[in-house]
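Hi,

Here is the structure I promised to pass on. Have a look through it first, and then read on for my notes on two of its interfaces.

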Amino acid sequence: MSNHSQAHPAHLQHHFVDSDQQFDAAKMGMWVFIVNEILFFGGLFCAYIVFRAWYPDLFTQAATELNTVWGAVNTLVLIGSSLTVAMAIRSAQKNQIKGLQINLLITIALACVFLLIKYFEYSHKLHIGIWPGAELYTYEGIDHPLAHVFFSIYYVMTGIHAIHIIVGIGLMIWIYIRAKKNEFGSEYYTPVEMVGLYWHLVDVIWIFLFPLLYLIE
Amino acid sequence: MATAEVSNKKTLKVQRFKPSDNPSNTYLTDEKGVWAWMTTVDHKKIGIMYLVAVAIFFAVGGALALLLRTELMTPAKTFIEADTYNQLFTLHGAIMVFFVLVPSIPAALGNFIMPMQLGAKDVAFPKLNLASFYIYVAGAIFTFIALAQHGLDTGWTFYTPYSTESSSSVIWVTMGVFILGFSSILTGTNFITTIHKMRAPGITWGKLPLNVWALYATSIIQVLATPVLAITVLLLTMERWLGFGIFDPALGGDPVLFQHFFWFYSHPAVYIMIVPGFGIISEVISTFSKKTVFGYWAIALSSLAIAFIGFLVWGHHMFTSGQSAVATTVFSFLTFLVGIPTGIKIFNWIATLYKGSIKMDTPMIYVFIFLFLFSIGGFTGIMLGALSVDIHLHDTYYVVAHFHYVMMGGTLIALLAGLHFWWPKMTGKLYNEKLAKIASVFIFVGFNVTFLPQFVMGAQGMPRRYYNYVDQFTAFHQTSTIGSYLLGVGFLIILYYLMHSLFKGAKSPANPWGSRGLEWQATSPPDFHNFDHTPVVIHGPYDYHQPMEEFQLGLAVDTNGHDSETAKEVVDKEREQWKNYSLG
Amino acid sequence: MDRLFEFMLPEAKSPTADSTDALFHFINEVSLVLLIGITIALIYFAIKYRRRSEDDETPVITHNNTLEITWSVVPLLICFVIFGWGYTGWLNLKSVPDNAYEIQVNGFKWGWNVKYDNGAQTLNEIHVPEGRPVKIVLQSSDVLHSFFVPDYRVKHDVVPGRYTYVWFEAEEAGESIVFCTEYCGTGHSDMLAKVIVHTEEDFQTWLEKNGGGVSGTPVEQGEQLVQLQGCTTCHSDDGSRLIGPSFKGLWGSEETLTDGSTVTVDENYLRESILNPGAKIVESYDNVMTPYEGRISDDEITNIIEYLKTLK
């Protein structure tokens, strides 16, 4: 395209024709990425389903070791954070930069609360000998020879989810700094919306993890 | 200045932009120096970097193959130990699959050509594209760390519990593959978005080049399958590191479950490797027959059909593994279904030749080689899909020969066709046609001498991954080894004349093959932004009955006074048809 | 042409092979016809429609529904035939006749340990009667293996932690080779065995002669155990270097381990090295041996040690 002389908005990347195309492309790319995240966790859910089908009693026994109360609190925390991130996007759309910043900060705080609770859950388990993998697992409170398998699945699923939370916090700090620099507004809020989408995904995955791991009867 | 009503809503002013045969500015002259290359976000340069990386890995993988074949000259030890042999075939497989075949066509040629075929300046996410390349490099580094340590001796399939017990550096390689997977995922994500959102005015889904359709199908598989590979190798790493008990029977796991996980990715991965090759074949066969592709929609949609059915057949790698009888039956049945769209493609390509104007230049020679070899690969695939026969042939050299006919006779030959086809576009240079034809003879003969005997010895019972073998197979193995040397010579000739072309080759015109493809309407090598105008497309990519001028249209620029009468006529003539088209 | 296809397969020696072979030939014939058709079409078109001038005009032929349907449906029908044929042949491979004689085969790195119903044991030799269905029950003591007899067209993976099986019926006395077809490490390609087919009478004689398992003095029993357990696959008794250290002169010797320390080969070291071989690895060797924990009794270990003491 030879029309380089035309004035571009600052956020418009060179290879796009206009802002709409850029926004559409970003949104589509994000959705494709989300599909791929779902498949990624899908592999873990498959492993979960297979082992639960093979050893149903293992899952009912081992799940009692998980703290349902804290799991439920964490679920509420994440749902709350999904709400605030949605409000952040709304603020950006309405050009309320202050609201955008505040909502981002609340979301980040909630994410940290989630991690904190997760930290206490993990450290309690590690303390009593529930480690991932047969080699380190020493807990004897569950009368099942494959108890370590349940906790391996528990640790890998919640662990990868926690890594997603940490990545999400990083992304939101990045968005927050850019918001501080006044880069977003009703004209351009693509990154805010993309991070929001990502955060909803992380939330939804937890909403599956919580009942599947904590609430087995 | 001509005007064109592309949809009911928009009217575009178009004019003809004839590509110069002597471009003053190209992507090669625009950003120079090593640092500029390494930090570039230009899809063409990234494509070239991939091509170089893939070529290096291919050379390494090929050298390993020659060592393997040399060892197999005699039934017992020829010159290396059993453990070394096991490492060599593992690395040959892993390098060829993960570092050569998977990225070869999409990431190297696809990156270069696909945005040009869409008339776009770049892929949708150029920085992500560069990141994909470096992620690929990072994955490769991990693999080489493994080599520097204890190597890898598990076979590229990492079957448990051997891989959890092996004393080689399995974790480095699985982490390498894990990282590499993200490169593949990000490229797929990028391509899907690019194809949806970055098409030039006038490129409707029905005018998409078949190469783009093929890459689209490939990208879908990459996005859907690769995450499962990532999680599989992650779990395998955990199994080995901490003893998770998911795949290792000694800890309560199930090795057959690992195979399900592994093949859920690795069978679709076969289509990640071959489907982009189909795209190249369609482009080349149409150009060198100067003829519309026969059955455009059949070829385009069969790629998608393969992509989807390809997800449902992974169990056919496991007929002897102990999976349930019902699963075995269903997987066998579905396997035959995936063969049909592939057959449809072959028939359509042959029908394209009918009444064409066929020129047997090097790319076309490789297409013919492809059609012959890939057909054999396909037929033997049907053989392996048949349950009772597969029980006999599974894990023998018959399987080895089959997948080499598909992966090398298919993907790699298609890659060679594409490389020779687009070489003038990528480098702006012509290569020595005579040497190229000689090399293709070496490749064809060498390939068949190498792999045809493997069908026979496989059917006679020769198992794969064997360091020693019983005497009755000696003649077959020796023939095969000689064939592999011929193949090696063929590739050396190719390397020689391509290097010669790069440094001393004659200058190529913009469109040496007279192709109607949009990428050929840019200069050779292309401008930094591919086109110095926004291309407008009114015809299908294979409409050889339409004059060349009508493929060279672009948005008219006010400051540019070159009004084109031809374009005006074109536009007037096409206007009626255009009403049904909408902008992409 | 038939002779070429027959050349491709080893001589069939079990009724289980018949359906497989017939289907193999059928697919080959159909494929060959199609391949020849494709090749002729390619060459014919390339010559007949070669480019005569750069201005050649070509007709616009976009598609032809009749052709498309034909070349989709006809191959599909052929594929259905092949599927059904393969499926029935495979069902036959899965359904073991009731009167089958059962033999236990245990795959290990790297060999096949064979047990018969009267306690007889062999290594890498499977003795079977002719004209009677034989069911081979497979298990693995370490990694995946695969039991493949080309002459009978049977194959099945040997999976640790579960039983799998194959069956066949040897048609006449003779020998057939057994391969391991699932990659299992250093000795994978040496993991061969033989099916030795006897006449019914000879088989009974053989079985009786070898019944009851190992026998004799402790040293004699130890020697037989070392053979049957496959120890000699990796450990020679004449001082030559195989995958593991040789047994000759091992007893009482001083060995340097991978961590640099030394150990004197005594009863306790040998016992530990049989039950948990990875604990102390002799320098310059790899940790590849399968632990025998749970697979061998204390008496058997004692007998093996007694035998090793004799290999000076």
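How many residue pairs are in polar contact across the interface of domain 2 of chain C and domain 3 of chain C? Two, counting pairs with both residues at pLDDT 80 or more; please keep in mind that this is a predicted model. Salt bridges between these two domains number zero. On the domain 2 side, β1 (101-108) and β3 (121-123) of chain C each give two or more residues, and β3(C) gives the most, with three. That side has six polar, three nonpolar and two charged residues.

For orientation, the domain assignment splits chain C into domain 1 (2-51 + 61-94), domain 2 (101-210) and domain 3 (218-310). Domains 2 and 3 of chain C have C-alpha centres 26 Å apart, and each contributes 11 residues to their contact. They bury about 930 Å² between them, with carbon and sulfur atoms giving 59%. Of the area buried by domain 2 of chain C there, 46% comes from Phe108(C), Trp110(C) and Leu123(C).

Now for chains A and B. Their contact involves 39 residues from chain A and 41 from chain B, and about 3,300 Å² is buried, 73% of it on carbon and sulfur atoms. In chain B, the residues losing the most area to chain A are Lys121(B), Lys197(B) and Phe244(B), together 18% of what that side buries. Between these chains there are zero salt bridges, while eight residue pairs are in polar contact, both residues at pLDDT 80 or more. On the chain B side, α8(B) gives the most, with 10 residues; by class, the side has 25 nonpolar, 10 polar and six charged residues.

Best wishes

Methods: Residues are numbered from 1 along each chain as its sequence is written. Chains are lettered from A and ligands numbered from 1 in the order in which they are written. This is a predicted model: local features need pLDDT of at least 70, side-chain atom pairs count only at pLDDT 80 or more; totals for chains, interfaces and linings use all residues. Side-chain values use heavy atoms; hydrogens and water are left out. Contact means heavy atoms within 4.5 Å. Buried area is the accessible area (1.4 Å probe) that two parts lose on being put together, summed over both. A salt bridge is a side-chain nitrogen of Lys or Arg within 4 Å of a carboxyl oxygen of Asp or Glu. A polar contact is a pair of N or O atoms within 3.5 Å; within protein, one must be able to donate a hydrogen and the other to accept it, and residues adjacent in sequence count only if both atoms are side-chain atoms. Helices (H or I, at least four residues) and strands (E, at least two) are DSSP runs, numbered from the N terminus. Ala, Val, Leu, Ile, Met, Phe, Trp, Tyr, Cys and Pro count as nonpolar, Asp, Glu, Lys and Arg as charged, and the others, Gly among them, as polar. Domain bounds come from an automatic or database domain assignment.
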